[in-house]
Amino acid sequence: MPAFRQVGEKQLPNEILYMVWSPKRDLIALANKTGEVLLHRLAHFQRVWSLAPNENTGKEVTSLAWRPDGKVLAFSLADTQRVVLCDVEKAEILHYFTLENAVTCMYWAEVTDQKSATSSISLIDEEGSLVLPKLPALPKSYSTSAKIFSEEKSDEITKLLGDKRLNVLVLGGDSGFIELYAYGMYKIATVTRIVGRCLDLCLSSDLKALSVITEVQLSKEPEPIISYFQLDTTLLSDCLPEVTRMARKFTHISTLLQYQKLSLACMCEAWEDILMQMDLRLTKFVQEKNTKTSVQEEFMQLLMWGKASPELQSLLMSQLTVKGLKKLGQSIESSYSSIQKLVISHLQSGSEALLYHLNELKGMAMWKQKYQPLGLDVPAIEDAINAVGTFILKANELLQVIDSSMKSFKAFFRWLYAAMLRMSDDHVLPELNKMTHRDVSFVADFLSEHFKEAPELYDQKGQYFNVERVGQYLKDEDDDLVTPPETEGNPWYSFLQNSVHLKDSPLLFPYYPKKSLHYVKRLVEGQIDSCLQKPAEVIGNSVRQVLYMPLYKLNPSDSVVPRFSLPSFWNDKSSNLQYVVFTMHGTESPRIYILRRPTDLSRSISNRLIAAEFGDFLCTSKTESKESQFSFLDVDFYDDELLTVVLKGHIDNKEKCRILAQLPMSSIYNIEETEEELSFDSSKRLDEQIDHIPVRTVTVENQSRTLENMKAQYIAVNGIRKVSCVLSSNLRHVRVFEMDVEDDGEVDEEDEPESQDVSGTKEEMEETATGHGNSENNETAAVKNPVLPEDDASSLEYVPGTWS
């Protein structure tokens, strides 16, 4: 009976570039050439949902990675240089951030050490939830990007943090770009110790070692060289509890910054352009009128004598109109009220939470014995606290401006509405005619303050007036406020300016009376970003290179190195050993090479490099004399005992078949063997020393299967779920297998049409044209909100062109 049971097969309409199995569920994530990210189930390869490319995220997916708990999927995009975190349950974008370099590979590591889930770390989150009120949900009607803060029953910060235990998202890109993000959110390290374009990487689960495969272009070599680096990251391991506490605190801060940004975006959307009509119409009135009296005098005469000049009457009755005035008054009241509610309920509550977490972080930084090695800087945190305090002061100032403007506009529009009704000889309600001396004085003060002509403002903004004072706070500009608040008669402000001791006191938050809310928000982001960057630099500088091994020269014919034939890494948790598996010369190789390295560099285990090749008659009968040869197309770790490989079988240099097989590590790498290790010459590439590498010839019996009618090329496996997915060389034909059972030869009825459609001649399987009868274009619509099933040595420092 053939090994492994086939449970799904599909011809896909678009070429698949990346595929990764979920670590916890029977789900596989795919990324195709159009930039679409898809999620499929194991059974019958049914599509669960798809996420189409868009301008906000990007269209060129370069890598995929699952969070270790299987609840969040990360993918990177080259065109926008962004990393996106997506909620698997609802196919919604939870968070994204932009990088300086495009990401070419990523790896999401789970920390297994219990020190990253201590009770004290849990108390940090519990205390915050007890002291701070829950952030109110942002209104869905304003911002489409506020989805993660608009679910009433979801705690978005907890969802992004995931489990208490630390997890680290490792990103690699061009020019040796490598960054580590705790919980996929907060950058804890920027590594600068390698060169070349990252092709694959892996962080050990004990945080002691980071392995990287790069493509290095040397000045003396026309072809790039595929190279292996191992880096020592023991600072993360030694300070694991402190790193975890710091990371959770910084992740809270990063999420709150996002909340503040979205709250301000909602406020800007609540402010309407219609509020500018009064300023523009008054400016037009100044340009067209023939009288020498000012606009302020015109309105004052109307207020005192109840008579308007013909020009003012034309402005009010022809351009503004009674109906337009009523609509303008309603718009101002509605807009100001919405902005006021957002400031009080969202902006202030988010700022208070930021102050709380930053002061907690300051307390941690003052514990120098624990946190100084990680780069926490007390002055930088104090600057961030002061910036948040300045933001709170500016938000309070905006509230005062809104409150004053609402009162003034209500009184002004009430008087002007009655005056315009009298001009049109309409009936004026008795309550509108009632104006006390105090009301008249209030409107007069409003006219004298807001209706002054300002020629300098016209040169700057193209208008003479700034009657509407709220919009200037919400504009994302570096210019000073057009009409800053009056501080001359403020007794507290005067007292501070005249006080020698309080004027520059660190106990008081700085105040910028001439700056907008957006300006202060950028100040807060800059200070907090500076506060967050320092630990990443310090931890990144602590990373040191312990091994550099140039592997082989990339063939000119391999213009694009296939993603799925690149090296894979595995962390053996029981022995703290790390295995690196790679093939020479890209797409095909008669051998695989396995390098064993200890993650704990203090151990004296020697480096071991072994080559493995196939020797068997899998494609021919045992009686035939023709010997078959094999080349490795792709290799991946199934678990800590098995490698899963895709092989191409040859007979007399003619391709015979493609094979899916399991290789036991024990048949390749016997730890008890005492053979001498390879004496590696660092001045030469590994492929130039290939004759000195010990070779193992391995065979398999029942752990292989010939893949009929399929030019298999790539493999994605998951030993925890015991599944594999094979992708053909045309990148459109997939087969899914359960690896721990034998194929019983039976096909479910609902599978029959699909299997018959997919099965056929080899030419049909490999055609690249679209329009297959089994295409996903004919599938039922993707599930909108699916309910997913839950289951529970010597250092070699590298210099380009030389080795020392």
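Two strands are taken to pair if DSSP finds at least two bridges between them. In this predicted model, strand β16 (residues 225-232) and strand β17 pair in the antiparallel sense, over eight bridges. Within this pairing, Tyr228 stands opposite Met549 of β17. Strand β17 spans residues 544-553, and eight of its ten residues are buried. The strand is therefore largely enclosed by the rest of the structure.

Lys553, in strand β17, is partly exposed. Its relative accessible area is 22%, whereas buried means under 20%. The side chain of Lys553 forms a salt bridge with that of Glu223, at 3.8 Å from N to O. Glu223 sits in the loop between β15 (209-216) and β16, so this pair links parts of the chain 330 residues apart. Glu223 is also partly exposed, with a relative accessible area of 21%.

A second set of links involves strand β1 (residues 3-11), which contains Gly8. Gly8 is buried, with a relative accessible area of 4%. Not counting residues up to four places away in sequence, Gly8 touches His44, Val734, Arg735 and Val736. The C-alpha atoms of Gly8 and Glu738 are separated by 9.6 Å, although these positions lie 730 residues apart along the chain numbering. Glu738 also takes part in a salt bridge with Arg5, the closest N and O atoms being 2.6 Å apart. Arg5 lies in strand β1 and Glu738 in strand β29 (residues 733-742), so the pair ties together parts that are 733 residues apart in sequence. Arg5 is partly exposed, at 30% relative accessible area.

Salt bridges also occur between helices. Side chains of opposite charge can pair when their charged atoms come close. Glu360 forms a salt bridge with Lys249, with 3.8 Å between the closest N and O atoms. Glu360 belongs to helix α8 (residues 322-365) and Lys249 to helix α4 (residues 240-270), so the bridge ties together parts 111 residues apart in sequence. The relative accessible area of Glu360 is 28%, which makes this residue partly exposed. Lys249 is buried, with a value of 1%. Elsewhere, Asp174, Arg197 and Glu215 are joined into one network by salt bridges that share partners. The count of salt bridges comes to 22.

Methods: Residues numbered from 1 in each chain as written. Predicted model: local features only at pLDDT ≥ 70, side-chain atom pairs only at ≥ 80, totals over all residues. Heavy atoms only, no water. Buried < 20%, exposed > 50% of the residue type's maximum accessible area, 1.4 Å probe, protein only. Helix = DSSP H or I, 4+ residues; strand = E, 2+ residues; numbered from the N terminus. Contact = heavy atoms within 4.5 Å. Salt bridge = Lys/Arg side-chain N within 4 Å of Asp/Glu carboxyl O.
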